[in-house]
Amino acid sequence: MLLNEQDQFLSYNGEVLVFQLSKPKHAEEADDKTMNLCVRRMVFNRDAKVFVQKSSGVFSMHASHSKIEMICCSCTTDCRTGIILPCIFVKKKKRSNVKYFLLLLHSTNQFEPSFYFKLDYELKEDIRLFAGPSVLWRHANKLFYISSNTCVVQSAPVQLSSVLWTGEIVGEGTVVLGVRTSCLPETEDVDGFSISDRAIWGTEFFGYTIQTQKMLTGTCFMPHAYSRVVSSVYICKSERLKKQLRISLVAITHKNQLIWFQNGVPKGVCELPYEKPCSVKPAVTRRSDLLFVVSFESGNSCVVQRRDSLQVASKWQKVKCVLVDDFIGSGSEQLLLLFKDDSNTDVLSTFKITDLGEVNYASSINYKHDVPTAEGLQENGLLTVRALETRLQAGWTSVRELEQHLGLQKRVILESCRALIDLVEERTHILPSAKEVKCRIWAGSLLSLVSLWDDVENPPHSLSKETSLASKVPEHFTEELWQRVVEDSLVVGVKLTESFYLSLRDVSLSLVMDQDFSSISPIIKCQSKIIKLNKAFSALTVSSNQIEPPPKKIKLDLHSKNYLKNMFPERSSSIQLDGAKTVIAVTSLSPLLAFHRVCCVVLLHARKQTHQNDSLQQSKKISVLCGKILLSLEDLSNGRYSVKMLRDNSYCTGSMEDILAVLAVSVRFSFQIVSSDCSLTPVRSWLLGEMECTPFRQCQDNIFCHKSGNVYGTIFNWTLKNPFEGVLTIFCRNLTVLFQCLHSLIRGLPPSCSVKLLRSGSKGVLTEQLALALEKEMLTLKNSLFLKETETEKSLTWGNESSKKINNAPLASLLDTEEGIQQFRKKLQNEREESVRSMNQTMNGALYQKIALKIAEAQLSSDMIMCKLS
């Protein structure tokens, strides 16, 4: 693909668009009546370090007795869709007139003619493309523009000598920044300095808004003294503070300078290396460095870096074009420099991609201005290779250590699970010896793993203690073990006896697969919810266990009361149902069905409370085997464990297990509905009518939705505080169902009704709990500091005792004799050493772990309550 002087380059979403005008290649089309506008999308291949063609497109134009030229191209916003698209401005010149038209390029490489217009003169000065798309130009010191919305050429009521910049400014829309001959009215609401400044220089800056057709004061951009020397401007940032426009911009001058202006005041200046600068554009690199690319009429370019001051970072000669975009897909911008090369006319054959940092891709030609010498390059390359080899070796070692650690962790977890199952089933667990615990690593070598348990016949004291506790559990502590399948969730419930449940707290369930899988952990992760039904079944609340707030860290301590919670990250849910106490676990069904047939052991974890003589309660951890459940694909296909909610004489026939299963997998939302001028009878009518709800026979205030669609299976609870205020509680599968229910509800309510989402828990109760939690946190911090001071005093006792041996005689008498001076020096030295030791005290690891655990537990409790209040 050959290039000529009229070819246009444009960067768009990391691609380089090359526009060319050419004659058709086919012989039958080779006449003077057709001209093709071709576009080629070029992308950079990082492996081959060359640009390759991604796609292409062609637009044919009738060119009989006319000359077609490309004027400019740019990326502008299409006002119809708000999408930025490449635009190309084309001129078709005939003998009598000149026709201009603007084309939009879509992602399918299809050209769309946006608009066209005819003029009796040629456009030559200050041609700009901006949003719309729109075209702006200057002719005979007047400003003209045309937009795709009107397709009519309009003129601005201003006289100007040059256009410096066109673009968007916050709160003003499209603004044209230009220079005109100064106008000095008799009365003007500006400062005297501005009037005298314009009178001295004879010219002034001004801003003109296209949409509102109003003038902006030029001094907010830069002083009028620069109006004679500035040739181009780029506005970097615009904002409004207290109705005042604040502008940050850079400008290039005819004096070969680049100047940074902040709110109309020059903040920095840099001397440019070449003469006649013509344009400036910004670039933001990977290190968030702001670069300014300056192009010169001679074909040279340079980059000015803005850090503490403006300085030239690099420069190049014989540059055809400079584009700014993310050409390598790194997430930041780079510079693409296309160089002039008479010996090679291929597209993008001589180029350089750089961000003046780590990114540096170039073609095979070296340039003396930005490429180091061969000797320095070879030495730097050798040092770089050595450094990379060292980093690679260190990384390889880290990977091996990580794999060994993961293998050890996996074996420990599996062995712990086997020990747990043997414990609850009252089997003797044989711990592996150090000789048996070995694993094979790289190159067939063996790594011996030290056993975490002592190789003795007697089990540890902690395991014996747990076994004794398990043996004290009553034989008939469970009344029923049931399971249900609700959509993609498995719900397992254990109904406990009243006497057994009253002696427990922190009750939870866990599911452990009975099969011996060596590659996966047998412990199944369970979801966490707490559901409560009172004795009269008139109120129903569901509260999920809150996740620890973000500022807190998870602290693991095998001796803390949260040990079981840490082993099973999401506890099972606990349900209080009148006299029968039921504990529920919810887990995902799909991973279990992958094994076709699964047998799971159901374990109950709790703390058993005991009463001492002083009436204080103590709790001990227990793990109890509740039974086993069996699940298979055949059972699921036959609907054996499905929830059955049918209508029977205006009631829902679902059993209590079915109700609890649906509540366990649902999300609870409560809304306060208040009506100021009418009663809330439409809510009840909406539930029984449009939503097709029927109450449960066991708890008639809770009703089940039988309406077909997504809302089927939703449970509602409607409680009236008075005829004008009530609380509607919705138990739904997800937020989509919730929004559908609320949308249907609002349509049926009077316009004067207000619906407000309620937080979980009473605000007064939560406030009281927060006060108690904060008091406990303060006491914990105080006791921890007291414990630390006590340990410090003990460690410094020997220093105090040694100081007592020194004679406490008056200072004057000590300094009279040589022996007294030596004694005083010894005392001073001891006091200095003691002071250093008191400032550099270390703490025992066990003591620090104990203090940190207490503080973390106290802070976690207060933060959890604060999350509910916020």
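**Exercise 1. A sheet at the start of the chain**

In this predicted model, Gln 8 stands opposite a residue in S2. Identify that residue, and then describe the sheet to which the pairing belongs.

*Solution.*

Step 1. The residue in S2 that faces Gln 8 is Phe 19.

Step 2. Strand S2 covers residues 15–22, and 5 bridges join S1 to S2 in an antiparallel arrangement.

Step 3. The sheet is open, has 4 strands in the order S1-S2-S3-S4, and is paired in the antiparallel sense. Its edge strands are S1 (8–12) and S4 (50–62), each of which pairs on one side only. On average, neighbouring strands of this sheet are turned by 20° against each other, direction ignored.

**Exercise 2. A second open sheet**

Determine which strands stand at the edges of the open sheet S17-S18-S19-S20, and what this leaves on one side of each.

*Solution.*

Step 1. This open sheet also has a stated strand order, S17-S18-S19-S20, and its 4 strands pair in the antiparallel sense.

Step 2. Strand S17 (230–241) and strand S20 (265–271) have a single partner strand each, so one side of each has no neighbour in the sheet.

Step 3. The average turn between neighbouring strands of this sheet is 15°, direction ignored.

Step 4. Strand S18 (residues 244–253) is joined to strand S19 (residues 257–262) by 5 bridges in the antiparallel sense. Val 250 has Trp 260 in S19 as its bridge partner.

**Exercise 3. Aromatic pairs around Phe 117**

Describe how Phe 117 pairs with Phe 89 and with Tyr 100, and establish whether Phe 117 is buried or exposed.

*Solution.*

Step 1. A search of the whole structure yields 17 aromatic pairs. One of them is formed by Phe 89 and Phe 117, with 6.2 Å from centre to centre and 20° between the planes. Planes under 30 degrees apart count as stacked, so this pair is classed as stacked.

Step 2. Phe 89 lies in strand S6 (residues 84–93) and Phe 117 in strand S8 (residues 111–119); the pair thus links distant parts of the chain, 28 residues apart.

Step 3. The relative accessible area of Phe 89 is 0%, and Phe 89 is buried. For Phe 117 the value is 5%, and Phe 117 is buried as well.

Step 4. Tyr 100 and Phe 117 also form a stacked pair, with 5.5 Å between centres and 20° between planes. Tyr 100 belongs to strand S7 (residues 98–105) and Phe 117 to strand S8, so this pair ties together parts 17 residues apart in sequence. Both Tyr 100 and Phe 117 are buried.

Step 5. One aromatic cluster consists of Phe 89, Tyr 100, Phe 115, Phe 117, Trp 137 and Phe 144.

**Exercise 4. Charges over rings**

Find the rings over which the charged ends of Lys 99 and Arg 180 sit.

*Solution.*

Step 1. The charged end of Lys 99 sits over the ring of Tyr 116, at 4.4 Å from its centre.

Step 2. The charged end of Arg 180 sits over the ring of Phe 206, and the distance to the ring centre is 5.0 Å.

**Exercise 5. Two buried residues**

State where Phe 351 and Val 322 lie, and list contacts of each with residues beyond four places in sequence.

*Solution.*

Step 1. Phe 351 is part of strand S27 (residues 351–354). Its relative accessible area is 2%, and Phe 351 is buried.

Step 2. Beyond four places in sequence, the contacts of Phe 351 include Phe 44, Val 50, Phe 51, Leu 336, Phe 339 and Tyr 361.

Step 3. Val 322 is part of strand S25 (residues 319–325) and, at 7% relative accessibility, counts as buried.

Step 4. With the same exclusion of residues up to four places away, Val 322 touches Lys 281, Val 293, Ser 301, Leu 336 and Leu 337. Val 322 and Ser 11 are 311 residues apart in sequence, yet 9.7 Å apart in space, C-alpha to C-alpha.

**Exercise 6. The nonpolar cores**

Name the residues that touch the most other members of the largest nonpolar core, and the elements that give two or more residues to this core.

*Solution.*

Step 1. In soluble globular proteins, nonpolar side chains tend to be buried together.

Step 2. The largest nonpolar core has 29 residues, of which Leu 490, Leu 509, Val 602 and Leu 604 touch the most other members.

Step 3. Two or more residues come from each of strand S32 (489–496), strand S33 (504–513), strand S38 (580–588), helix H6 (590–593), strand S39 (597–611) and strand S40 (617–632).

Step 4. Another core, of 24 residues, lies apart from it; Phe 671, Phe 716, Ile 730 and Cys 741 are among its members.

How values were computed. Residues numbered from 1 in each chain as written. Predicted model: local features only at pLDDT ≥ 70, side-chain atom pairs only at ≥ 80, totals over all residues. Heavy atoms only, no water. Pairing = 2+ DSSP bridges. Axes fitted to C-alpha atoms, helices over the stretch in contact; angles between N-to-C directions. Core = buried A, V, L, I, M, F, W, Y, C linked by side-chain atoms within 4.5 Å. Buried < 20%, exposed > 50% of the residue type's maximum accessible area, 1.4 Å probe, protein only. Phe/Tyr/Trp six-rings, centres within 6.5 Å; stacked < 30°, edge-to-face > 60°. Lys NZ or Arg CZ within 6 Å of the ring centre and 35° of its normal. Contact = heavy atoms within 4.5 Å.
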